[in-house]
Amino acid sequence: MTRCALCGFDRVLIKSHLIPAAAYAHLRRNTNFGMQQSVKINKYEKTAVQTDNQVQQPLLCKDCEDLFSKHGERIVGQLWSTQGGFPLFDMLSLKTPRVKTPKITTFDIDAIDKVFVDGLFYFAISIFWRAEVWSWHRAENPYGNGLGSRYELEFKEFLKFNSGLSNLYLCVEVNSDKDSRGLFSFPSCERLEGSWYHSFVILGMRFVMVVGGGKSKIRDVCEAIGSNMFFSLSDFSESFAFKDMISSARGGVTRRGKFSSLDLDSLVGK
C-alpha cells in the first residue's frame, strides 16, 4: 500500500506506463528500419540500443489507471498509426483545411468527432502530468519538471474532475510521411519565443502544448480560431527533431548490441 499520485489515497499501486503499453507492439512492427525490436536513443547517456524494455513504475491505483485508459488511451489507440493504417490522418485528409501552405496544413477541431477531440486532449494532459510527477533519475529527466506546482495541480484536477484549464494551447501535429510514423519520444520542455513549449511524439502524432501567459505561434493560432486546440498536417521527416534523431543514431551516440552492426546509411538514406 502507498499513495496514488492522482487520487492521493493510500492504495495498492500498479505499474503505470509513461507511454501506453499498447504503443510498444506497434513500435516493433512499424519502425526501426525493419528490426524486430524498438531502438532506444538516450541523448543523456549518448547511447542507442535495441530493446523491448518498457518505461514503467508504481504510480497510480487501478481506478486512476482505468480513468486514464477510458478517457484517453483507448480513444487515442483508435487513431494512431499502425501497420493497418493511420485513422487520424485519413480523417483529416477528407476534410477542408482552415489554412494550407506548402509545408503545413491546419484544421479546426471540428474536422473530427468530438469524442476523438476530447480523447486526444485528455490523453495529452495525462502524459504531460504523468511526466511531471514521474520519479526520474535526475540525469535522465527529459521533462525537467516542466509544469511546475501550479499547472501540475491544475492538470491533476482536470484529470480527476474535468475542471477547467487556464492559459493552455494545444496543437496535435499529424505526420504525412509514412516512413517516420513508428516513433515515440518522452515529454520534453524547452523555451521558445518567450514561452515554454511542451511536446512528445507517439505513432504519427506530435503533441505540442504551450501553457502560461506568454506569446507563441500556437497561442496565436488558437486565439485566431477561437479554440485552445487545433490540428496540423506536415512531414515529420523534414523536421529538425527527426533529422537530429537520425544524425544521433548515425554518429552522435554509441550504438550497442546488434544495433552497432547495422549500416544506417543503407537503411534510412543518405
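Does Lys-215 count as buried, partly exposed or exposed, and at what relative accessibility? In this predicted model, Lys-215 has a relative accessibility of 48% and therefore counts as partly exposed. The side chain of Lys-215 meets that of Glu-223 in a salt bridge, with an N to O distance of 3.7 Å. Glu-223 is likewise assigned to the partly exposed class, its relative accessible area being 40%. The pair belongs to a network of salt bridges that links Lys-215, Arg-219, Asp-220 and Glu-223.Salt bridges number 14 in total. One of them joins Arg-98 to Asp-108, with the closest N and O atoms 3.0 Å apart. This pair links distant parts of the chain, ten residues apart: Arg-98 lies in the loop between α3 (87–93) and β7 (99–100), whereas Asp-108 lies in the loop between β8 (105–107) and α4. Arg-98 is partly exposed, at a relative accessible area of 46%, and Asp-108 is also partly exposed, at 23%. A further salt bridge is formed by Arg-150 and Glu-154, whose closest N and O atoms are 3.4 Å apart. These two residues are four places apart in helix α5 (residues 148–161), and so are separated by about one helical turn. An α-helix has 3.6 residues a turn, so residues three or four places apart point the same way. Arg-150 is partly exposed, with a relative accessible area of 46%.

Helix α4 comprises 20 residues, from 114 to 133. The distance from its first C-alpha to its last is 29 Å, close to the 28 Å expected at 1.5 Å a residue. The helix is mostly covered, as 16 of its 20 residues are buried.

The interior contains a largest nonpolar core of 59 residues. The residues with the most contacts inside this core are Leu-88, Leu-120, Phe-155, Ile-202, Phe-207, Met-209 and Phe-231. Helix α4 gives the most to this core, contributing twelve residues. Apart from this core lies another, of nine residues, among them Tyr-169, Cys-171, Val-208 and Val-210. In soluble globular proteins, nonpolar side chains tend to be buried together.

The surroundings of Phe-231 were examined individually. With residues up to four places away in sequence not counted, Phe-231 touches Leu-88, Leu-92 and Val-172, together with Thr-105, Thr-106, Phe-107, Asp-108, Ile-109 and Ile-112, as well as Val-117 and Leu-120. Two of these partners, Leu-88 and Leu-120, are themselves listed with Phe-231 among the core residues that have the most contacts. Asp-108, another partner of Phe-231, is the residue that forms the salt bridge with Arg-98.

Methods. Residues are numbered from 1 along each chain as its sequence is written. This is a predicted model: local features need pLDDT of at least 70, side-chain atom pairs count only at pLDDT 80 or more; totals for chains, interfaces and linings use all residues. Side-chain values use heavy atoms; hydrogens and water are left out. The expected span of a helix is 1.5 Å times one less than its number of residues. Buried means under 20% relative accessible area, exposed over 50%, partly exposed in between (1.4 Å probe, protein chains only). A nonpolar core is a set of buried Ala, Val, Leu, Ile, Met, Phe, Trp, Tyr and Cys residues joined through side-chain atoms within 4.5 Å. Contact means heavy atoms within 4.5 Å. A salt bridge is a side-chain nitrogen of Lys or Arg within 4 Å of a carboxyl oxygen of Asp or Glu.
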